Amino acid sequence: MSITREFLRHPVLTGAIAPSSPRLTETMTAGLGLERAARVAELGPGTGVFTEAVLALLRPEARLTAYEINPRFAASVSERFPQVDVVTGSAEHLALDHVDVVVSGLPWTAMTADRQHRILDAVTAALAPNGRFTTFAYAHTAWTPPARRFAASLRSRFAVVERTPVVWGNLPPAFVYRAALPVTVGRASHGQPAAATA
């Protein structure tokens, strides 16, 4: 399964032109407490690069559910990782609760504002009170309106948001957002940041 081929077929749905590098994968999965997590959700696993790294850290009894909108990727992840519950569909329909960690490989800058909001609302609703969320963004898009909108939306939904240094050993270079302590949907105003660190 080639992520480049799927990008050429469905650039809006795929978002990435190459698989994430080992360095970005390490940065994405570090410091989340995956070793202690009981329930984890992955949004947009693609070819399963993050999936494999998450599984390597999880306890055998932990449950991982992956939401993938591309049927080809969903079938591939399901075949490669039979222990993962794969849901073929949009992350907007995330229907879990008390999730310890949500790992996302979604192409946020390719989304409309409404879709960004719906998915982030679903994430905060699914997370446990002390839950954590991680996602990445390409460095060259950081100052585009969709990227700035996403960053503001993220900060309005979590008490803590951190951004890592750029991972240059990725194609394209990227950085990681780590967010913790979700704010209950309805208490936060979209675009109004809570306490955050960058």
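**Sheet.** I looked up the strand order first and found an open sheet of seven strands, E3-E2-E1-E4-E5-E7-E6, with mixed pairing; strands pair here if DSSP finds at least two bridges between them. The model is a predicted one, in which local features need pLDDT of at least 70 and side-chain atom pairs count only at pLDDT 80 or more, while totals for chains, interfaces and linings use all residues. Residues are numbered from 1 along each chain as its sequence is written, and side-chain values use heavy atoms, with hydrogens and water left out. Helices (H or I, at least four residues) and strands (E, at least two) are DSSP runs, numbered from the N terminus.

At the edges I noted strand E3 (85-88) and E6, each of which has a single partner strand, so one side of each lacks a neighbour in the sheet. Neighbouring strands are turned by 15° against each other on average, direction ignored; the axes are lines fitted to C-alpha atoms, for helices over the stretch in contact, and angles run from 0 to 180 degrees between N-to-C directions. I then followed E6 to E7, where the pairing is antiparallel over five bridges, and found that Val160 has Ala180 in E7 as its bridge partner.

**Helices on the sheet.** I traced helix H3 (residues 22-29) across E4, E5 and E7, and its direction runs at about 10° to E7. Helix H5 (residues 71-80) also packs on the sheet, where it touches strand E2 (63-68) and E3 and makes about 170° with the direction of E3; contact means heavy atoms within 4.5 Å.

**Cores.** I next listed the largest nonpolar core, which has 28 residues, and in it Leu43, Leu94, Val123, Phe133 and Leu154 touch the most other members. Such a core is a set of buried Ala, Val, Leu, Ile, Met, Phe, Trp, Tyr and Cys residues joined through side-chain atoms within 4.5 Å, where buried means under 20% relative accessible area, exposed over 50% and partly exposed in between (1.4 Å probe, protein chains only). The largest share of this core, five residues, comes from H6. For Leu154 I recorded contacts with Leu120, Phe133, Val161, Tyr177 and Ala179, not counting residues up to four places away in sequence.

**Ala139.** I ended at Ala139, which sits in the loop between E5 and H7 and counts as partly exposed at 22% relative accessibility. Leaving aside neighbours within four places in sequence, Ala139 is in contact with Val166, Pro173, Ala174 and Phe175. Its C-alpha atom is separated by 7.6 Å from that of Pro172, 33 residues apart along the chain.
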